[in-house]
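New to this one? Have a look at the model first, then come back for a quick tour by topic.

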Amino acid sequence: MNGKKLDLALQHFNDHKSVYLDDLKDLIRIPSISFPGFDPAPVRHCAGAVASLLKTCGLKDVRVLETGIGHPSVFGQWNNEPGKPTLLLYAHHDVQPVGREELWITPPFDPTERNGRLYGRGSADDKGGVAMYAAALRSYLQTGNALPVNVKCLIEGEEEVGSANLGTLLQLHRELFSADAVVIADSENFDSGVPALTASLRGIVTVTVEVRSLSSSVHSGTWGGPLPDPVIALSRMIASLVDETGQPAILGLVDKVRMLSREERAHLDALPFQESLYRKQAKLLDTTQIIGGKGSVYEKMWYRPSIAVNAIEASSRKQAANIINDVAWARIGIRIVPDMDPNVTLDLLKKHLLKQAPWGVQVTIQPEAPSTWWKTDTTGSVFEAALKALEKGYGKRPVVAGAGGSIPFVQTITEALGNAPALLLGVGDPFTAAHSENESLLISDWEKGCRSMIHLLAELGELNG
Ligand code: BES
Ligand code: MN
């Protein structure tokens with residue numbers, strides 16, 4: 001009986017997949033950038049569009065959720081199967097800024113298919129995830145007017161800026177989010193065509209730092225010599241964050257980094273790795289080294305802390321005059337791993353920067369909302385169900401992987417639900433270029449992801465509620 005419903009849903013998806021891909025294209029057309037300094041109206045518009053999509057799918061109680069500050073999220077549910085488990089499906093509808101517009105081959109908010117990929121900001125991160133849920137839910141609700149499990153959908157509107165109001169949202173609507181397991185469609189596949197079930201995430205601690213030495217910029221010839229250059233001061237501070245191998249050099253930072261167990265290391269060592277492919281995926285130039293000391297790239301990306309300077313500003317290419325700048329600015333992020341504490345990390349970073357600041361320059365450090373790391377054990381029936389579903393959808397054994405990125409929701413919700421199992425998967429692949437120019441989605445992987453989701457709902461429906 002259930003097998004028949006599953007087959008009908010899979011068949012329905014095959015017959016309608018291009019229509020459902022069009023839903024994704026419609027979402028991509030909305031420039032829902034959640035970053036400060038960008039118009040918040042499109043994020044609101046996008047929340048409305050997601051709400052209509054969920055309604056069209058056949059979800060009930062669809063509503064836009066607000067906390068009074070920040071960007072709106074969307075909720076919808078279907079709970080006609082008392083006795084069956086309830087799944088909370090999470091994704092986000094906000095996106096990162098577009099970066100350097102001139103580097104986009106086709107405009108970021110004009111979804112375009114090329115060579116089997118769909119290009120556009122948010123195509124994979126994470127509107128592809130939203131559209132995948134919608135396609136899977138619709139495939140059941142249009143064919144059988146029922147789902148194999150109870151479903152709650154939460155599509156967040158400010159994941160890319162650290163989900164600062166998520167805690168409030170969960171408190172305000174506690175009853176809405178109770179569930180037996182959580183699915184988070186916001187990570188990436190291990191390789192194109194090779195699904196991943198993600199078992200760990202790094203956290204992130206971000207600050208902006210401003211270094212000032214003068215009350216306004218001055219002529220670099222007239223005044224140069226006795227005056228501290230804030231750009232050089234900031235450069236020295238930044239350079240001191242890592243050693244010659246590129247590893248963090250902040251005092252005490254790595255003290256709490258958890259050692260990998262022998263089994264974990266064996267698992268990492270057994271993962272396929274081809275340096276030439278890795279270099280291509282990571283966009284590394286031929287002459288550039290892979291840094292970070294000993295260990296596999298997987299260990300470095302998933303289980304070691306890393307530091308990035310996301311942006312740096314002092315005058316501009318266009319205005320580069322012969323001056324000593326009055327001020328220099330940078331945004332710095334540290335990815336944190338088990339068992340690093342976000343607040344301790346923030347403290348160590350602040351102390352380090354202040355200590356390294358030369359010549360009495362004025363330093364102002366502003367932290368952003370941190371996100372903590374997450375790591376789960378992958379035994380149990382829910383994970384088994386997910387592995388099966390991914391294998392059926394992709395026709396390939398999934399890799400149990402870690403991820404270097406961060407998703408604040410995961411720790412927050414699993415904690416709130418008393419350690420409910422969380423299934424992290426996603427439609428991106430290593431060529432997705434999330435957060436960069438020319439972000440894209442491998443369409444065949446999106447379709448496989450949708451089929452996996454259809455299987456996952458069926459598999460979880462077999463478990464006891
Ligand atoms: N989808 C990503 C995170 C991700 C990427 C997880 C790849 C697993 C694999 C997410 O949208 C993201 O970019 N998050 C931010 C979070 C931050 C603002 C707290 C990140 O990681 O920079
Ligand atoms: Mn994302």
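What volume does the second largest pocket have? It comes to about 240 Å³, and keep in mind that this is a predicted model. The tour starts with that pocket, then turns to the manganese ion, ligand 1, the cavities and a few backbone details.

**The second largest pocket**

- The second largest pocket is lined by 13 residues, and the closest to its centre are Ala199, Glu264, His267, Tyr303 and Val400.
- Three elements, strand E8 (196-201), helix H7 (262-270) and strand E16 (399-402), each bring at least two residues to the lining of this pocket.
- Sort that lining by class and you get five nonpolar, five polar and three charged residues.

**The manganese ion (ligand 2)**

- Three residues of the protein act as donors to the manganese ion: His92 through NE2, and Asp125 and Asp186 through OD. They lie 1.8 to 2.2 Å from the ion.
- Along the chain, the spacing of these donor residues reads H-x32-D-x60-D.
- Asp125 sits in the loop between strand E5 (117-119) and helix H3 (127-141), while Asp186 sits in the loop between strand E7 (181-185) and strand E8 (196-201), so this pair ties together parts that are 61 residues apart in sequence.
- Are these two aspartates buried or exposed? Asp125 is buried, because its relative accessible area is 13%, under the 20% cut-off. Asp186 counts as buried too, with a relative accessibility of 13%.

**Around ligand 1**

- Ligand 1 has 18 residues around it, and the closest are Glu159, Asp186, Arg335, Ser406 and His435.
- Asp186 turns up in both places: it is a donor of the manganese ion and one of the closest residues to ligand 1.
- His92, another donor of the manganese ion, has a side-chain N or O atom 3.0 Å from an oxygen atom of ligand 1.
- Glu160 also reaches an oxygen atom of ligand 1, with a polar side-chain atom 2.9 Å away.
- With Ser406 it's the backbone that makes the contact: one of its backbone N or O atoms lies 2.9 Å from a nitrogen atom of ligand 1.

**Cavities inside the protein**

- How many cavities of 30 Å³ or more does a search of the whole structure find? The search turns up three.
- The largest cavity holds about 80 Å³ of space. Its lining has 13 residues, and Leu390, Tyr394, Leu425, Gly449 and Ser452 are the closest to its centre.
- Helix H11 (381-394) and helix H13 (443-461) each give at least two residues to the lining of the largest cavity.
- By class, nine of the residues lining the largest cavity are nonpolar and four are polar, with no charged ones.

**Backbone details**

- Which residues does a cis peptide bond join at an omega of about 10°? They are Asp125 and Asp126, so the manganese donor Asp125 is part of this bond. Asp126 lies in the loop between E5 and H3.
- Another cis peptide bond links Pro338 and Asp339, with omega at about -5°. Asp339 belongs to the loop between strand E13 (327-336) and helix H10 (342-356).
- Asp61, in strand E1 (residues 60-65), has a phi near 55°, which is a positive value in a residue other than glycine. Asp61 counts as partly exposed, with 42% relative accessibility.
- Ser315 has a positive phi as well, near 50°. You'll find Ser315 in the loop between strand E11 (306-313) and strand E12 (323-324), and it counts as partly exposed at 33% relative accessibility.

**Far apart in sequence**

- Glu102 lies in the loop between strand E3 (86-92) and strand E4 (112-114), and it is exposed, with a relative accessible area of 64%.
- Glu102 and Glu437 are 335 residues apart along the chain, and their C-alpha atoms are separated by 9.0 Å.
- Leu89 has its place in strand E3 and is buried, with a relative accessible area of 1%.
- From C-alpha to C-alpha, Leu89 and Thr376 are 18 Å apart in space, and they are 287 residues apart in sequence.

Notes: Residues are numbered from 1 along each chain as its sequence is written. Chains are lettered from A and ligands numbered from 1 in the order in which they are written. This is a predicted model: local features need pLDDT of at least 70, side-chain atom pairs count only at pLDDT 80 or more; totals for chains, interfaces and linings use all residues. Side-chain values use heavy atoms; hydrogens and water are left out. Donors are N, O and S atoms within 2.8 Å of the metal (3.2 Å for Na, K and Ca); water is not among the atoms, so sites may look incomplete. Helices (H or I, at least four residues) and strands (E, at least two) are DSSP runs, numbered from the N terminus. Buried means under 20% relative accessible area, exposed over 50%, partly exposed in between (1.4 Å probe, protein chains only). On a 1 Å grid over the protein atoms alone, a cavity is a set of points where a 1.4 Å probe fits but cannot get out, and a pocket is an open set with protein on both sides within 12 Å along at least five of seven lines; lining residues have an atom within 4 Å of a point. Grid points are joined across faces, edges and corners, and a volume is the space filled by probe spheres set on the points. Ala, Val, Leu, Ile, Met, Phe, Trp, Tyr, Cys and Pro count as nonpolar, Asp, Glu, Lys and Arg as charged, and the others, Gly among them, as polar. A residue is near a molecule or strand if one of its heavy atoms lies within 4 Å of it. A polar contact is a pair of N or O atoms within 3.5 Å; within protein, one must be able to donate a hydrogen and the other to accept it, and residues adjacent in sequence count only if both atoms are side-chain atoms.
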